[in-house]
Amino acid sequence: MYVKICGLSEPEHVAVAVEAGADAIGFVMTRSPRQVTPERAAELAALVPGHVLTVGVFRGEDPETVRAAALVSGVRAVQLHGKHPHEDFTALKDLGRRLVRAVDAAADLRCGAYDEDLLLVDAPHAGSGRPWDWAAVRGRPSGHWMLAGGLDPSNVTEAIAAADPWGVDVSSGVETSPGAKDSALIAAFLTAVRSER
Ligand SMILES: O=C(O)c1ccccc1N[C@@H]1O[C@H](COP(=O)(O)O)[C@@H](O)[C@H]1O
């Protein structure tokens with residue numbers, strides 16, 4: 001099970017996520033309680049070993065804004081939320097970063113339909129921490145797809161059983177309040193997922 005821990009803004013939480021075995025770490029570079037500048041994301045990304053994917057998270061920005069932030073921060077993947085047309089993904093193909101298409105369950109759930117490398121199926125309001133009907137997408141997405149939206153250490157095994165994803169992604173569920181990550185919750189989330197295997 002692939003695990004992404006998202007919305008990190010402090011070095012200590014990056015270190016905990018890496019130590020606990022995260023496969024990917026996300027830095028939110030769009031309006032959010034978790035927002036970091038591309039420069040701050042670069043400082044944090046520099047702490048991440050090469051086997052862990054660094055992901056820049058965006059919502060609704062145009063491809064040139066995403067490109068500029070990706071180049072400054074040095075993230076190795078970009079995750080686009082919002083109603084991006086196929087052309088936005090095509091425009092970012094030459095960036096040399098992995099592309100993550102983040103959608104809700106009403107979207108086209110074929111991974112690769114927009115030339116993306118990974119699909120993320122999330123709640124309608126990304127980053128809200130609200131659980132949704134994960135079972136409703138079971139068997140619908142194809143390819144490499146991550147489940148997100150309201151996951152936390154206490155419900156992630158239930159969510160995996162319900163939706164059968166290739167990976168999981170969490171932000172609010174490893175926080176004590178919006179934007180305040182908690183080391184023990186990050187470690188507990190990874191322990192819960194790894195014990196599920
Ligand atoms: O985390 C945010 O604030 C955010 C803002 C804008 C777009 C995406 C955002 N986060 C993504 O939401 C899910 C996690 O949601 P949850 O908080 O665990 O319910 C994850 O994909 C984040 O990358």
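These are my notebook entries on a predicted model of one protein chain.

**Entry 1: overall build**

I started with the secondary structure and found six helices and 10 strands in the chain. Next I looked up the dimensions. Along the principal axes, the C-alpha atoms fill a box of roughly 40 × 35 × 30 Å. The radius of gyration is 15 Å, which agrees with the value near 16 Å that a compact globule of 197 residues would have. I also checked burial, and 46% of the 197 residues count as buried. For contacts with a separation of 6 or more, I noted that 53% join residues 24 or more positions apart.

**Entry 2: the annotated domain**

I then turned to the UniProt record. The entry is unreviewed, and its annotation "domain: N-(5'phosphoribosyl) anthranilate isomerase (PRAI)" covers residues 3-190. Over that range I get 28% helix and 22% strand. The C-alpha atoms at the two ends of the range are 8 Å apart.

**Entry 3: around the ligand**

Which residues are closest to the ligand? I listed S32, A126, G127, S171 and S172, out of 26 residues that surround the ligand. Sorting the shell by character gave me nine nonpolar, 13 polar and four charged residues. I also asked which strands contribute: β2 (24-28), β3 (53-59) and β8 (167-170) each supply at least two residues of this shell.

**Entry 4: helix α3**

I picked α3, residues 63-73, for a closer look at its faces. Its buried residues are V66, A69, A70 and S73. They sit on the same side of α3, because they cover an arc of only 100° around the axis. The general rule helps here: an α-helix has 3.6 residues a turn, so residues three or four places apart point the same way. On the other side of α3 I found E64 and A68 exposed.

What do the buried residues of α3 pack against? My list has the strands β2, β3 and β4 (77-81), together with the helices α2 (38-45) and α4 (86-92). Just after α3 comes G74, with a positive phi near 75°.

**Entry 5: helix α5**

I repeated the exercise for α5, residues 156-163. Here V156, A159, I160 and A163 are buried. Their arc around the axis is only 100°, so they too lie on the same side of their helix, α5. The buried residues of α5 pack against β7 (145-147), β8 and α6 (183-196). I noted that β8 also supplies residues to the shell around the ligand.

**Entry 6: two aspartates with positive phi**

Last, I looked at backbone angles. Most residues other than glycine have a negative phi, which made me stop at two aspartates.

D164 follows α5, in the loop between that helix and β8. Its phi is near 55°, a positive value in a residue other than glycine. Is D164 buried, exposed or partly exposed? I count D164 as partly exposed, because it has 15 C-beta neighbours inside 10 Å.

D115 has a phi near 65°, again positive in a residue other than glycine. I located D115 in the loop between β5 (98-103) and β6 (118-121). With 12 other C-beta atoms within 10 Å, D115 is exposed; the cut-off for that class is 12 or fewer.

How values were computed. Residues numbered from 1 in each chain as written. Predicted model: local features only at pLDDT ≥ 70, side-chain atom pairs only at ≥ 80, totals over all residues. Helix = DSSP H or I, 4+ residues; strand = E, 2+ residues; numbered from the N terminus. Rg over C-alpha atoms; globule rule 2.2 N^0.38 Å. Buried ≥ 20, exposed ≤ 12 C-beta atoms within 10 Å, placed from the backbone. Contact = placed C-beta atoms within 7 Å. UniProt positions renumbered as here; feature names shortened; annotations may be inferred. Near = placed C-beta within 6 Å. Nonpolar A, V, L, I, M, F, W, Y, C, P; charged D, E, K, R; others polar. Arc of directions from axis to C-beta.
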